[in-house]
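Please open the model in your viewer and keep the sequence panel visible beside it. The tour below proceeds by selection, and each stop states what is to be found there.

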Amino acid sequence: MPPHQANGLPAGHEADDYFHTNPPPKALSSHQSLAREFIQYHLENSPRRKVVLVTSGGTTVPLENQTVRFIDNFSAGTRGATSAEYFLQEGYAVIFLHRQFSLLPYSRHYSHSTNCFLDFMDEAEDGRVIVRKEYQDKMRRVLQQYHHAKDNRLLLLLPFTTVTDYLFELRSLAVIMQPLGNRALFYLAAAVSDFFIPRERMEEHKIQSRDNDAGGQGSGASRQLVVNLDPVPKFLSTLVQSWAPKGSMIVSFKLETNPSLLVSKAEQALKRYHHDLVIGNLLSTRKWEVVFVTSDGEERWIRVPKARRSKSISGVEELVGKAERKHGMEHVDLEGGTVTEG
Ligand SMILES: CC(C)(COP(=O)(O)O)[C@@H](O)C(=O)NCCC(=O)N[C@@H](CSSC[C@H](N)C(=O)O)C(=O)O
């Protein structure tokens with residue numbers, strides 16, 4: 001008896017319905033071709049290399065079809081972009097499915113920062129534009145890592161914007177990854193909308209803030225906006241049961257703000273979706289602590305020591321990367337971090 005959704009539909013049925021009633025992203029077919037090429041290249045040239053799909057950034061829920069307003073999910077993309085660098089360092093090939101304009105591996109060190117990237121540059125006496133001396137060493141290291149990833153075709157960057165884009169892309173990429181079998185890993189760090197406006201209820205044009213129509217009829221008084229959202233299908237179960245390669249490892253992130261809910265909600269997700277690992281994090285402490293929750297009921301907190309919790313040192317992703325490399329749990333041997341049971 002296949003597991004059923006809350007609404008009684010068999011798991012996956014609701015997701016199928018979603019894909020029939022919402023249009024795919026315009027870029028989907030070009031992304032599919034890029035992903036097929038990427039996977040084929042690694043199947044042919046590095047048959048033992050693991051490939052990880054890292055999702056990163058927040059999905060949007062448009063309020064109008066010709067979108068002027070949208071509901072966004074919190075995520076700068078730091079977790080995904082930083083983890084992608086550590087996966088590349090550990091020898092993985094990375095498909096980086098990310099919110100358009102969110103942080104990217106390597107360039108994240110210089111984009112979006114409070115100081116403009118021009119602050120890292122200077123004009124030499126002979127007129128050449130150069131990187132300021134104090135930034136040269138770090139930028140050289142980042143540039144070498146970036147070129148290594150690019151020259152060896154180890155990093156594929158694919159953008160999304162809306163939750164519908166994300167779900168179509170995730171399904172396509174998971175299916176394209178099927179030939180990888182147990183060399184495929186899914187690291188779902190994107191902040192995915194739980195609610196959306198179905199196509200048939202979506203306004204076509206910009207929602208007016210006053211109650212007069214195009215002809216200027218009506219009082220012109222400002223109006224309330226009441227938004228009625230439906231739940232996004234629980235796609236993780238469909239990913240685990242049908243889209244993802246058999247034998248692949250699936251890691252999802254659980255984001256909460258209330259500490260008393262985090263571990264139980266992560267355990268609930270594992271029980272519901274039967275994947276391999278949930279990494280729980282609290283909005284307020286996500287930069288320096290996470291908890292690994294597995295189906296054996298164990299919870300292992302990974303914390304960056306206080307001394308290393310500066311903004312510039314991305315401590316927790318390095319620790320997660322090391323733990324991940326050992327496929328999570330049997331030996332969480334983390335330099336610099338502390339692992340506490342329970
Ligand atoms: C978003 C952050 C906190 C990283 O932040 P930045 O470094 O600023 O990017 C990430 O660590 C995270 O928790 N990501 C996952 C957040 C999320 O939406 N998780 C979902 C689970 S994955 S979406 C699963 C879907 N709702 C379903 O149930 O099928 C949840 O908590 O419910």
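Helices (H or I, at least four residues) and strands (E, at least two) are DSSP runs, numbered from the N terminus. The model is a predicted one, in which local features need pLDDT of at least 70 and side-chain atom pairs count only at pLDDT 80 or more, while totals for chains, interfaces and linings use all residues. Residues are numbered from 1 along each chain as its sequence is written, and side-chain values use heavy atoms, with hydrogens and water left out.

**The whole chain**

Begin with the entire chain selected. Its secondary structure comes to eight helices and 15 strands. Of its 342 residues, 45% are buried; buried means under 20% relative accessible area, exposed means over 50%, and partly exposed lies in between, with a 1.4 Å probe and protein chains only. A contact requires heavy atoms within 4.5 Å. Among contacts between residues at least 6 apart in sequence, 71% join residues at least 24 apart.

**Helix 4 and Val 142**

Select residues 133-151, which form helix 4, and find Val 142 within this helix. Is Val 142 buried or exposed? Val 142 counts as buried because its relative accessibility is 8%. Now display its surroundings: apart from neighbours within four places in sequence, Val 142 touches Tyr 106, His 109 and Tyr 110. Ser 107 may be added to the selection; Ser 107 and Val 142 are separated by 35 residues in sequence and by 8.2 Å in space, C-alpha to C-alpha.

**The loop between strand 4 and strand 5**

Select next Tyr 106, one of the contacts of Val 142. Tyr 106 is found in the loop between strand 4 and strand 5. Most residues other than glycine have a negative phi. Tyr 106, however, has a phi near 75 degrees, a positive value in a residue other than glycine. With a relative accessibility of 4%, Tyr 106 is buried.

Phe 101 is in the loop between strand 4 (93-99) and strand 5 (121-123). Its phi is likewise positive, near 75 degrees. Phe 101 is exposed, since its relative accessible area is 68%.

**Strand 7 and Leu 157**

Move to residues 155-160, which make up strand 7 and include Leu 157. Leu 157 is partly exposed, at 36% relative accessibility. Which residues does Leu 157 contact, leaving aside its neighbours within four places in sequence? They are Phe 96, His 98, Leu 104 and Pro 105. For a longer view, add Phe 19: its C-alpha lies 23 Å from that of Leu 157, and the two residues are 138 apart in sequence.

**Helix 3**

Select residues 78-89. Helix 3 has twelve residues and reaches 17 Å from its first C-alpha to its last, close to the 16 Å expected at 1.5 Å a residue; the expected span is 1.5 Å times one less than the number of residues. Ten of the twelve residues are buried, among them Arg 79, Glu 85, Tyr 86 and Phe 87. Just after helix 3, Gly 91 takes a positive phi of about 95 degrees.

**Helix 5 and its two partners**

Select helix 5, whose 14 residues should span 20 Å at 1.5 Å a residue; its end C-alpha atoms are 20 Å apart, which agrees. Twelve of its 14 residues are buried, including Asp 165, Leu 167, Phe 168 and Ala 174.

Add helix 2 to the selection. The axes of helix 2 (residues 28-45) and helix 5 (residues 163-176) come within 10 Å and cross at roughly 25 degrees. These axes are lines fitted to C-alpha atoms, for helices over the stretch in contact, and angles run from 0 to 180 degrees between N-to-C directions. Helix 2 is therefore roughly parallel to helix 5, a term for angles under 35 degrees. Helix 2 contributes Leu 28, His 31, Gln 32, Ala 35, Arg 36 and Ile 39 to the contact, and helix 5 contributes Phe 168, Glu 169, Ser 172, Leu 173 and Ile 176.

Finally, replace helix 2 with helix 6 (residues 235-243), whose axis comes within 10 Å of that of helix 5 and crosses at roughly 20 degrees. Helix 5 is thus roughly parallel to helix 6. The contact is made by Tyr 166, Leu 167, Leu 170, Arg 171, Ala 174 and Val 175 of helix 5 with Phe 235, Leu 239 and Trp 243 of helix 6.

Key. Parallel < 35°, antiparallel > 145°, perpendicular 65-115°, else oblique.
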